[in-house]
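Here are some short exercises to work through with the structure open beside you. Try each task before reading its solution.

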Amino acid sequence: MGWRSVIVTQHAKMSYSAGLMVVQTMDGTSEIPLDDMALLMVSTTQAVITSALISALVKNNIKVIFVDHAHQPIGEVNGYQSANRDCKVLEDQFNWQQQRKDVLWTKIVAAKINNQISVLKCFHKNVECLQNELDQLEVGDETNREAVVARKYFPLLYNDDFSRHNGSAINAALDYGYSILLSETNRIIAGNGYLTELGIHHRNQANHFNLGSDLMEPFRPIIDYWVAGQKFRELTPEVKIGLIDCMNIEILFNGKKEILRNAISRYVTDCLNYLSGDKDETRIEVEFTSEVPNDALNGNV
């Protein structure tokens, strides 16, 4: 599996040749082996990409994300069918046991809230109210502690007047970072042969990535922490690069140090195996370390 995130930020032509992505810009020509790539972010509307390259990227399970004129991620390329997908996998997904879905969702929510508490502690915030909500978590999160915690968490982390529904630079950065997390999660789901549309908690008919939206939740606080440590007034290219580079930070996953991209791959695969009955237990312990970058200018890909 590739490891490299490639970001195109200027007028360019991207094409394919003999296992390489060829990028032509005003500054010259670069060649990047597809085997090295995990993600291509086309972070401009002034780029041209050939159908041959798109086809090669899809075949190599490389996530391709496009932005709109506001430079926010607007869509991604997904193959019609994973090379690993077969009828048995789809039958398993459609017949996942409700009990297993409820147990997994409970663990996901618990891991997310625990990390939100850790983020607040890093910034010396009072976490008692979040801890109280976590103590009330039930199987399947029937009382929606996840949403209750979110309403308390973001104002504590950023400021009392903060809302996730305004067009602030902080929200733009959060949305951008979450989009990268979602795309990586979707890539692993599709690579294992499952449908991203069929979630265990999210059921929005307009959301093609319900399962990815479910499974990415424990990792969101890493983006929250990174953004909270920055000083910026707009979503600059440097901030975007830093957010994309968060995929390469080192975290603790189930007690083992791994870069985030690899941890997501192992975590998603474990979750899918548990849901399909191939594992009797699943463990979700996600911790970020002090090595999470706290300066946007350090985020180079």
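The exercises below cover a pocket, a helix, the nonpolar cores, the cysteines and two loop residues.

This is a predicted model, in which local features need pLDDT of at least 70 and side-chain atom pairs count only at pLDDT 80 or more, while totals for chains, interfaces and linings use all residues. Residues are numbered from 1 along each chain as its sequence is written, and side-chain values use heavy atoms, with hydrogens and water left out.

**Exercise 1. Describe the second largest pocket and its lining.**

Step 1: Start with the space, which is about 390 Å³. A pocket here is an open set of points on a 1 Å grid over the protein atoms alone, where a 1.4 Å probe fits and protein lies on both sides within 12 Å along at least five of seven lines. The volume is the space filled by probe spheres set on the points, which are joined across faces, edges and corners.

Step 2: Find the lining, meaning residues with an atom within 4 Å of a point. There are 16 such residues, and A150, R151, F154, R164 and H165 are the closest to the centre.

Step 3: Assign the lining to elements, where helices (H or I, at least four residues) and strands (E, at least two) are DSSP runs numbered from the N terminus. Two or more residues come from each of α3 (98-122), α5 (145-157) and α8 (220-228). The largest share, 6 residues, belongs to α5.

Step 4: Sort by chemistry: the lining has 6 nonpolar, 3 polar and 7 charged residues. Ala, Val, Leu, Ile, Met, Phe, Trp, Tyr, Cys and Pro count as nonpolar, Asp, Glu, Lys and Arg as charged, and the others, Gly among them, as polar.

**Exercise 2. Explain why α8 is largely enclosed by the rest of the structure.**

Step 1: Set the scale: buried means under 20% relative accessible area, exposed over 50%, and partly exposed in between (1.4 Å probe, protein chains only).

Step 2: Count: 8 of the 9 residues of α8 are buried, so the helix is largely enclosed. Among them are R220, D224, Y225 and W226.

**Exercise 3. Which residues touch the most other members of the largest nonpolar core?**

Step 1: A nonpolar core is a set of buried Ala, Val, Leu, Ile, Met, Phe, Trp, Tyr and Cys residues joined through side-chain atoms within 4.5 Å.

Step 2: Of its 70 residues, the answer is L104, L215, F219, V227, L243, L260 and Y267. Helix α6 (residues 169-191) gives the largest share of this core, 11 residues.

Step 3: Look closely at L243, whose contacts (heavy atoms within 4.5 Å) include I223, W226 and V227, leaving out residues up to four places away in sequence.

**Exercise 4. How many disulfides does a search of the whole structure find?**

Step 1: A disulfide is a pair of cysteine sulfur atoms within 2.5 Å. The search finds 0.

Step 2: For C122, the nearest cysteine sulfur, that of C246, is 14 Å away.

Step 3: Compare surroundings: C122 is partly exposed at 36% relative accessible area, whereas C271 is buried at 0%.

**Exercise 5. Place N61 and D141 in their loops, and check phi and burial.**

Step 1: N61 sits between α1 (51-59) and β7 (63-67), and D141 between α4 (128-135) and α5.

Step 2: Phi is positive in both non-glycine residues, near 55° for N61 and near 50° for D141. Most residues other than glycine have a negative phi.

Step 3: N61 is partly exposed at 32% relative accessibility, while D141 is buried at 4%.
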